[in-house]
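Colleague: I'd like a close look at a single part of this model, please. Take me through the sheet and whatever lies around it.

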Amino acid sequence: MLRSQFHIELNNMHVELDKMCHLVIEAIDRCVEAFQNHDLELAQEIIRNDKAINDVERSVESKCLSLILKQQPVASDLRDVSTALKVVTDLERIGDQSADIAELILEMDEKDSYLMIEHIPSMARVAIEMVTSALSAFHEHDIQKANEVKKHDREMDQLFEEVKLELVQIVKENKDHVDLAIQFLMIAKYFERIGDHVVNICEWVEFNQTGKVNDTRLI
Amino acid sequence: MENKIVAKNVNLHYGSKHALKNVSLDIKENAITAFIGPSGCGKSTFLKTLNRMNDYVENCKIEGTILLDGEDVYDEKVDTTVLRKKVGMVFQQPNPFPMSIYDNIAYGPRIHGIKNKRELDRIVEESLKAAALYDEVSDRLHTSALGLSGGQQQRLCIARALAVQPDVILLDEPTSALDPISTLKIEELLLDLKDKYTIAIVTHNMQQASRIADYTAFFLVGEMIEYGQTKDIFSIPKDKRTEDYITGRFG
């Protein structure tokens with residue numbers, strides 16, 4: 001095969017990207033676990049690990065830019081490198097939001113149970129499912145799967161609306177719960193944002209195969 | 001966009017070698033069309049069929065039709081001198097004649113019967129200006145063209161082709177012997193010229209094709225594998241062989 005150095009570098013970039021996907025799935029999994037069990041140690045570990053996610057993001061970006069500089073990739077190689085450059089941004093944000101949730105967990109009391117707000121566990125479940133499925137669609141270059149994942153974002157948005165209603169009710173019933181309600185609202189908002197980033201990743205799965213995003217040609 | 005040249009089922013044999021296999025391709029007017037592919041794939045051979053340069057090759061047999069403005073260039077009534085006036089050519093190595101800059105440009109118009117000095121002066125100046133060379137050589141038009149740099153010599157060859165007022169300019173790897181700056185000057189020049197001329201270029205430089213060509217055709221072992229808008233060929237090629245070639249997976 002010609003350009004073997006190029007393929008070695010492209011492969012190295014993919015190894016880092018896979019590592020980042022793994023770290024992000026781990027972060028969201030642990031985030032939900034720490035929330036469910038009010039596990040403060042785990043929450044702290046998520047925050048520490050966010051730095052690792054950021055470092056891998058930089059590494060992938062650097063490798064992509066180096067490939068563009070040295071190899072001027074075209075066709076599927078160009079789509080591959082540009083997809084990686086875009087996807088790492090959303091992966092990094094998902095990592096950040098998991099760490100943000102972890103920080104809120106640290107501020108909460110044990111009695112402020114995960115189950116207090118009925119729809120938050122559902123949001124957590126949908127978030128894990130969306131992240132895992134989207135990254136599997138990304139690895140398998142499966143546009144159909146990516147489109148299925150995107151549909152779950154509506155479910156996420158609806159759950160967020162439900163959480164808001166629940167929180168309004170809680171505050172109405174007891175004004176002392178305002179601070180707690182804000183914390184839960186922020187957690188819910190972070191889950192909802194994770195859904196949005198997953199949708200972006202799914203769009204790049206389409207781009208990687210077709211050069212289009214939402215049927216609009218980018219290159 | 002109108003088709004300037006329409007090639008249909010072109011087959012070309014050099015003796016027993018089947019160099020072009022059923023090539024059909026439309027070349028659009030006022031656009032740049034690039035031919036890419038590995039050495040020996042037939043891209044230069046195809047380019048040369050467009051102004052019958054292969055007529056000079058022994059044992060060369062051509063079948064199929066090539067229409068220029070709807071007229072068959074291989075019709076026996078066609079005067080190849082007139083054809084080559086209409087379809088000019090620039091080669092890989094700049095090949096100025098060993099004469100002055102002025103005489104290089106005036107050579108073609110003189111052959112085609114223009115003797116009036118004022119008329120020739122005008123043609124020389126306009127052709128050099130069109131080839132973005134005039135400002136660099138206006139004070140030494142009567143010195144030898146061989147004293148010009150490689151890039152200037154190649155622009156001189158383009159000016160020489162323009163002097164006989166062609167419709168089509170064929171370029172066979174025109175920048176492969178030039179440095180990057182001279183290459184970019186030629187590329188800028190071709191982009192300017194396409195408003196007035198139809199341009200077909202053979203290039204081994206894939207970035208060059210993607211920078212300047214509106215359309216790109218990929219050739220492989222005598223076949224035209226894929227042809228389309230350049231942005232499609234370099235972003236979403238349809239044929240795996242095109243993808244493999246442009247991404248360097250061919251070995």
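Modeller: Here's a walk through the sheet in chain B, then the pockets.
First, some housekeeping: residues count from 1 along each chain as its sequence is written, while chains are lettered from A and ligands numbered from 1 in the order in which they are written. The model is predicted, so local features need pLDDT of at least 70 and side-chain atom pairs count only at pLDDT 80 or more, whereas totals for chains, interfaces and linings use all residues; side-chain values use heavy atoms, leaving out hydrogens and water.

Now the sheet. In chain B, six strands line up as 6-7-8-3-9-10 in an open sheet with mixed pairing. (Strands, E, of at least two residues, and helices, H or I, of at least four, are DSSP runs numbered from the N terminus; two strands pair if DSSP finds at least two bridges between them.) Strand 6 (87-90) and strand 10 (223-229) of chain B sit at the edges with a single partner strand each, so one side of each has no neighbour in the sheet. From one strand to the next, the twist averages 15° (axes are lines fitted to C-alpha atoms, for helices over the stretch in contact, with angles from 0 to 180 degrees between N-to-C directions).

Zoom in on strand 6 of chain B: it runs parallel to strand 7 (168-172) of chain B, and four bridges join the two. You'll find Gly88(B) opposite Ile169(B) of strand 7. Helix 6 (150-162) of chain B packs on the sheet, touching strands 6 and 7 of chain B (contact means heavy atoms within 4.5 Å), and its direction makes about 170° with that of strand 6 of chain B. Helix 7 (180-193) of chain B packs on the sheet too, touching strand 3 (32-36), strand 7 and strand 8 (198-202) of chain B, at about 150° to the direction of strand 8.

Strand 6 and helix 6 of chain B also help line the largest pocket, each giving at least two residues, as do helix 2 (80-86) and helix 3 (101-111) of chain B. (A pocket is an open set of points on a 1 Å grid over the protein atoms alone, with protein on both sides within 12 Å along at least five of seven lines; lining residues have an atom within 4 Å of a point.) The largest pocket's volume is about 560 Å³, counting the space filled by probe spheres set on the points, which are joined across faces, edges and corners. Of its 23 lining residues, the closest to the centre are Arg84(B), Met89(B), Phe97(B), Arg160(B) and Val164(B).

Methods. 1 Å grid on protein atoms, 1.4 Å probe; cavity = no way out; pocket = protein on both sides within 12 Å on 5 of 7 lines; lining within 4 Å.
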